[in-house]
Amino acid sequence: MNRIEHIGIAVKDMDISCNLYEKLLGSFCYKKEEVTSEGVLTAFFKTGLNKIELLTPTSAESPIAKFLERKGEGIHHIAFDVADILTEMARLKAEGFVLLNEVPKRGADNKLVCFVHPKSTNGVLVELCQEIR
Ligand code: ZN
């Protein structure tokens, strides 16, 4: 894994939270994108080499809606940039980690993504992401 690509934060209200994070980070949201397959609206901020991704549900069945119900607003996942997602997925599987998807999915911000089950990572939802070239 190369570096932390972004930290995902679950929020209830995107407008209020965008405003808050613009003030906090002193930078503007550079992209908002809906990922319909996940039932989520995302907003991205640059923080040096890394990013902050805000996530809010667009449907009651969204995993983010369930997360907000269970845990409330806060850090949802940590995403690592990888050069080759298939190689990393195979490596993690061989190490005994539980992957939440068997094939990479198309995520927000031009990425192929795969999530690692928090049960196998001490309670932290980990996302692998590879830039789509
Ligand atoms: Zn993410």
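**Note on the predicted model: helix α3, strand β4 and the sheet**

1. Leaving aside neighbours within four places in sequence, E88 is in contact with M1, V82 and L128. The model is a predicted one. E88 belongs to helix α3. Is E88 buried or exposed? Its relative accessible area is 12%, and the cut-off for buried is under 20%, so E88 counts as buried. The E88 side chain also makes a polar contact of 2.9 Å with the side chain of R91.

2. T87 sits in helix α3 too, which spans residues 85-94. T87 has 46% relative accessibility and therefore counts as partly exposed. Its side chain is joined to that of D84 by a polar contact of 2.8 Å.

3. Now the whole protein. It has three helices and eight strands. Starting at the N terminus, the order of elements is β-α-β-β-β-α-β-α-β-β-β. The strands are worth tracing in that order before turning to the sheet.

4. How are the eight strands ordered in the sheet? They run β2-β3-β4-β1-β5-β8-β7-β6, in an open sheet with mixed pairing. The edges are β2 (31-35) and β6 (105-107); each has a single partner strand, so one side of each lacks a neighbour in the sheet. On average, neighbouring strands of this sheet are turned by 35° against each other, direction ignored.

5. Two helices can be placed against the sheet. Helix α2 (residues 63-71) packs on it and touches β1, β3, β4 and β5 (74-81). The direction of α2 makes about 85° with that of β4. Helix α3 also packs on the sheet, where it touches β7 (111-116) and β8 (126-131). The direction of α3 makes about 155° with that of β8.

6. Strand β4 deserves a closer look. It covers residues 50-57, and six of its eight residues are buried, so the rest of the structure largely encloses it. In general, strands of a sheet pair through backbone hydrogen bonds, parallel or antiparallel. Strand β4 has a partner of each kind, taken up in the next two points.

7. Which way do β1 and β4 run relative to each other, parallel or antiparallel? They are parallel, and five bridges join β4 to β1 (residues 3-10). Within this pairing, I7 stands opposite I52 of β4. H6 stands opposite K51 of β4.

8. On the β3 side, the pairing is antiparallel. Eight bridges join β3 (residues 40-47) to β4. A43 has L54 as its bridge partner in β4. The hairpin of β3 and β4 has two residues between the strands. In this hairpin, G48 takes a positive phi near 65°.

9. What about overall dimensions? The protein has a radius of gyration of 14 Å, which agrees with the value near 14 Å for a compact globule because the chain has 133 residues. Taken along the principal axes, the C-alpha atoms fill a box of roughly 40 × 30 × 25 Å.

10. Last, burial, surface and contacts. Of the 133 residues, 43% count as buried. The protein exposes about 7400 Å², and carbon and sulfur atoms supply 56% of that area. Among contacts between residues at least 6 apart in sequence, 53% join residues at least 24 apart.

Methods. Residues numbered from 1 in each chain as written. Predicted model: local features only at pLDDT ≥ 70, side-chain atom pairs only at ≥ 80, totals over all residues. Heavy atoms only, no water. Helix = DSSP H or I, 4+ residues; strand = E, 2+ residues; numbered from the N terminus. Buried < 20%, exposed > 50% of the residue type's maximum accessible area, 1.4 Å probe, protein only. Polar contact = N/O pair within 3.5 Å; in protein donor to acceptor, adjacent residues only side chain to side chain. Pairing = 2+ DSSP bridges. Contact = heavy atoms within 4.5 Å. Axes fitted to C-alpha atoms, helices over the stretch in contact; angles between N-to-C directions. Rg over C-alpha atoms; globule rule 2.2 N^0.38 Å. Areas by Shrake-Rupley, 256 points an atom, 1.4 Å probe, with all protein chains shown as cover.
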